[in-house]
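Trainee: I'd like a close look at one part of this model, please, and then a short tour of what else is worth seeing.

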Amino acid sequence: MSNNLRTDPVSETLAVVTPSYGPDLELCKDLNRSVLTMTAADVVHHIIVPRNDLTEFQSLAGPRTVVHDAREYLPLSFVKLPWLNMWINVARPWPPVRGWICQQIIKLAVVATLDARGVLLMDSDSVLVRPTTLDAFSVDGEVCMYRKPGGVDHTLPGHRLWHDSARRLLGIQPPSDGDLTDYICWPCLWEPHIVRQMLLHIETTTGSAWSTAVASQLRLSEMMLYGIFVDEVLGGKRATSTTMKGTVHSAEQALSGAEIQQLLSSGPHDALAVMLSAKAGIPLETRRRALKEFTDHISETGRTAQP
């Protein structure tokens with residue numbers, strides 16, 4: 001596992017990190033193309049895939065795209081269970097580590113190794129639709145963090161469980177009754193130096209390697225973990241935002257081309273990205289056609305995102 005929690009000066013301004021796998025290859029191609037088009041020439045797209053999918057994804061590799069073997073970011077103590085999306089951590093065999101938790105461990109490990117000032121986390125089912133820089137996520141030179149006070153209410157019991165697990169890992173009190181802050185957003189911008197601080201804090205608090213501590217959780221949101229660490233361990237950030245920089249369809253429900261256009265036209269006028277969940281089952285060509293029409297319209301009208 002690559003576990004270099006470096007603290008040396010940054011050498012890049014922005015990087016993009018995407019965990020993916022074979023079934024999402026075509027979606028990831030579209031995302032990668034948008035990253036190369038909508039970001040500066042020094043921005044690198046890091047795509048992390050299972051070892052079995054490396055050959056397929058190597059077609060995307062280039063000067064600004066690095067394809068990583070996901071196995072290199074997991075501890076050697078993690079053993080994959082045949083035919084299951086689950087792992088056993090022999091350092092702590094119970095409970096088994098679900099694939100979803102492994103993906104979050106990989107994401108944290110990758111970001112912790114990067115020298116960028118900011119890392120944009122984007123899944124394969126997202127694309128950038130406007131020119132994107134770190135300045136778009138900054139106020140007066142300080143990188144913003146998304147937080148929505150009161151965003152976790154009684155209709156989101158799973159989000160409260162994510163609060164619980166994050167607080168256990170960070171060694172802080174359980175959440176209070178009532179509505180809680182939501183930190184989940186698309187796209188999501190992290191500062192790698194904060195991720196490194198957070199992982200070291202988890203190790204100090206739990207007495208375990210951070211990957212073992214995270215793997216012991218049955219439910220976890222890496223975005224919730226990061227946000228709670230910033231707010232309740234570091235004391236919060238001066239620069240925060242309650243507005244996502246993306247237009248999002250997260251429901252597992254297919255949309256027609258007309259419905260996608262309606263969604264896009266009703267989204268933020270300066271949205272940098274669009275996320276149409278892969279689980280929605282939208283046909284690839286329907287999705288591509290609607291997104292192309294939208295980006296063509298943006299290009300024609302000359303609208304760009306403002307910081």
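Trainee: How many bridges join β2 to strand β3, and how do the two strands run?

Mentor: Happy to help. This is a predicted model, so to speak of local features we need pLDDT of at least 70, side-chain atom pairs count only at pLDDT 80 or more, and totals for chains, interfaces and linings use all residues. Residues are numbered from 1 along each chain as its sequence is written, and side-chain values use heavy atoms, with hydrogens and water left out.

Now to your strands: β2 and β3 (residues 65-69) run parallel and are joined by 5 bridges. Two strands pair if DSSP finds at least two bridges between them; strands are DSSP runs of E with at least two residues, helices are runs of H or I with at least four, and both are numbered from the N terminus. Within this pairing, Ile47 is opposite Val67 of β3.

β2 itself spans residues 44-49, and 6 of its 6 residues are buried (under 20% relative accessible area with a 1.4 Å probe, protein chains only; exposed is over 50%, partly exposed in between). In a regular strand the side chains alternate between the two faces of the sheet. Here both faces are covered, with Val44, His46 and Ile48 buried on one side and His45, Ile47 and Val49 on the other.

For a contrast in pairing, turn to the open sheet whose 3 strands follow the order β4-β5-β6 and pair antiparallel. Its edges are β4 (78-80) and β6 (97-98), each with a single partner strand, so one side of each has no neighbour in the sheet. Between β5 (residues 86-89) and β6 there are 2 bridges, and Trp87 stands opposite Val97 of β6.

Another strand residue to click on is Thr247, in β16 (residues 246-249). Thr247 is buried, at a relative accessible area of 4%. Leaving aside residues up to four places away in sequence, Thr247 touches Leu263, Leu264, Gly267, Pro268, Ala271, Ala273, Val274 and Met275, where contact means heavy atoms within 4.5 Å.

Finally, a helix pair: α4 (residues 157-170) and α7 (residues 222-233) pack with axes 9 Å apart, at an angle of about 60 degrees. That makes α4 oblique to α7 (under 35 degrees is roughly parallel, over 145 roughly antiparallel, 65 to 115 roughly perpendicular, the rest oblique). The axes are lines fitted to C-alpha atoms over the stretch in contact, and angles run from 0 to 180 degrees between N-to-C directions. Residues making this contact include Trp162 and Leu169 of α4 and Ile228 and Phe229 of α7.
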